[in-house]
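Let's take a walk along the place where two protein chains meet. Have the structure open and follow along.

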Amino acid sequence: MKTEELLDLLSTGDVGVDRTPHSWTIGAAVVIGAVAALIGVAFVLGFRPDLADSRAAGFLVLKLSFTIAVVVLASFLLTKLARPGGERRTRPILIVLPFAVIAALGLVNLSFAPPAHWEAMIVGDQWLECLLSIPLIAIVPFAATIWAVRKGAPTNLRLAGAVAGLFAGGVSAMAYALHCMDDLLPFVTVWYGGTILLCALAGAALGPRLLRW
Amino acid sequence: MISPETELRKLMLASLDGNAVAHRALLSRLSGHLRAYYRSKLARAGRSVGDAEDLVQEAVLAIHLKRHTYDPTEPLTPWVHAIARFKLIDFLRRTRRSTTDLPIDAAEDVTAGDDRSGAESSLDLARLMELLPEKMRCSIVAVKLDGRSVAEAAARCGVSESSVKINIHRGLKRLAASIAKESRA
């Protein structure tokens, strides 16, 4: 086929383009993901009974601040990574920030407690449930995010996949926080932070296959 | 790649607003840049320069299909370069095994490729069109090859005007996918 033929084919007729900003598509994925995760937690696990209690609310605010920070940073990165060359115009390293803050707070928390309590503070009561729930709840938000990124044209598929995973893990952990009764920061650091990172790893592994165009 | 930026960007902005002449000019200019880019990259990678035109067409189609991801406030050249590079890496990866016996001929390929300016790929458009479902092919042939209006195409293909547009969009996407598959060498 002559390249001229292809150019004729592409430039004949209406060449106007849908100019809906791509960030809207990412925004739609954020909403779909968050709603799906909330529904999952509400109907399968149930919200924690002491949501109205002020002590629980304090811890909940901390957990939510961490997970929301991850979600906001990741979705911002995704709007960049979904465009060709976007990986050059952004600093994905920023995403480390919420993890560093929660880990630092967790360490401070540990340092004020006697070493005999450390294991209980880290392991908590529901580590296994947390380890399983967050990646499972993340599946629908992950699918929604991949759909949104595919609408664009990412040129670093591994990184875009990793951030999509991070985003999905963050949304999932945000919803899971409304159920989980383990409130101590060392627990949150290891099990929330750890499972979100697992989601990011899964995203990095799947990205090159799912996002190819 | 610095001097043409202003001019190319102007063409791109006009093309995004639906100016078909600007769109044609833009794709034509870009295919020239892409040809030079792919020839030099393929030669340096020890690959056959003859594959350059397949890549040019693949990249032009990608630029056409993904032009909504260009941010009009940003310079155009880095955006084009990112797509060109992405398609090159993809091509090098999927043809890795089949071309391990080529490097020795590479130097010859450069001289052989340089004087052949006939920009033709190994792809057969008519055959690729055959692979498309009937409704998509009909819409593309009517509007894109025969230059009919969307309304005329709708009447001829027996579908609504909006599905003509959808069929063209999906058809071109399928075409891009089968071009990528065909140039697997």
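What follows is a look at the contact between chain A and chain B, and then at the salt bridges.

Keep in mind that this is a predicted model.

**The contact as a whole**

The two chains bury about 3600 Å² between them, with carbon and sulfur atoms giving 59% of that area. Three residues stand out on chain B: Arg24(B), Phe86(B) and Lys144(B) supply 19% of the area that chain B buries against chain A, more than any other three residues. In terms of head count, chain B brings 50 residues to the contact and chain A brings 32 residues.

There is polar business here too. Across the interface, 13 residue pairs are in polar contact, with both residues at pLDDT 80 or more. On chain B, several helices supply at least two residues each to the side that touches chain A, including α1 (5-16), α2 (20-44) and α9 (161-182). Which helix gives that side its largest share? That is α4(B), with eight residues. Sorted by type, the residues on this side of chain B come out as 23 nonpolar, 12 polar and 15 charged.

**Salt bridges**

Side chains of opposite charge can pair when their charged atoms come close. Over all chains, the whole structure has 13 salt bridges, and four salt bridges are counted between chain B and chain A. Here are some pairs to find on screen:

| Pair | N to O distance |
|---|---|
| Glu4(A) and Arg24(B) | 2.9 Å |
| Asp8(A) and Arg24(B) | 2.9 Å |
| Arg89(A) and Glu74(B) | 3.7 Å |
| Glu53(B) and Arg35(B) | 2.9 Å |

Arg24(B) is worth zooming in on. Glu4(A) sits in helix α1 (residues 3-11) of chain A and Arg24(B) in helix α2 of chain B, so their salt bridge joins two chains. The bridge from Arg24(B) to Asp8(A) also crosses between chains, again from helix α2 of chain B to helix α1 of chain A. Both acidic partners are partly exposed: Glu4(A) has a relative accessible area of 42%, and Asp8(A) is at 36%.

Now for a pair inside chain B. Glu53(B) is in helix α3 and Arg35(B) in helix α2, so this salt bridge ties together parts that are 18 residues apart in sequence. Are these two buried or exposed? Glu53(B) and Arg35(B) are both buried.

Finally, look for a network: Arg212(A), Glu58(B), Lys87(B), Asp90(B) and Arg94(B) are joined by salt bridges that share partners.

Terms used:
Residues are numbered from 1 along each chain as its sequence is written. Chains are lettered from A and ligands numbered from 1 in the order in which they are written. This is a predicted model: local features need pLDDT of at least 70, side-chain atom pairs count only at pLDDT 80 or more; totals for chains, interfaces and linings use all residues. Side-chain values use heavy atoms; hydrogens and water are left out. Contact means heavy atoms within 4.5 Å. Buried area is the accessible area (1.4 Å probe) that two parts lose on being put together, summed over both. A salt bridge is a side-chain nitrogen of Lys or Arg within 4 Å of a carboxyl oxygen of Asp or Glu. A polar contact is a pair of N or O atoms within 3.5 Å; within protein, one must be able to donate a hydrogen and the other to accept it, and residues adjacent in sequence count only if both atoms are side-chain atoms. Helices (H or I, at least four residues) and strands (E, at least two) are DSSP runs, numbered from the N terminus. Ala, Val, Leu, Ile, Met, Phe, Trp, Tyr, Cys and Pro count as nonpolar, Asp, Glu, Lys and Arg as charged, and the others, Gly among them, as polar. Buried means under 20% relative accessible area, exposed over 50%, partly exposed in between (1.4 Å probe, protein chains only).
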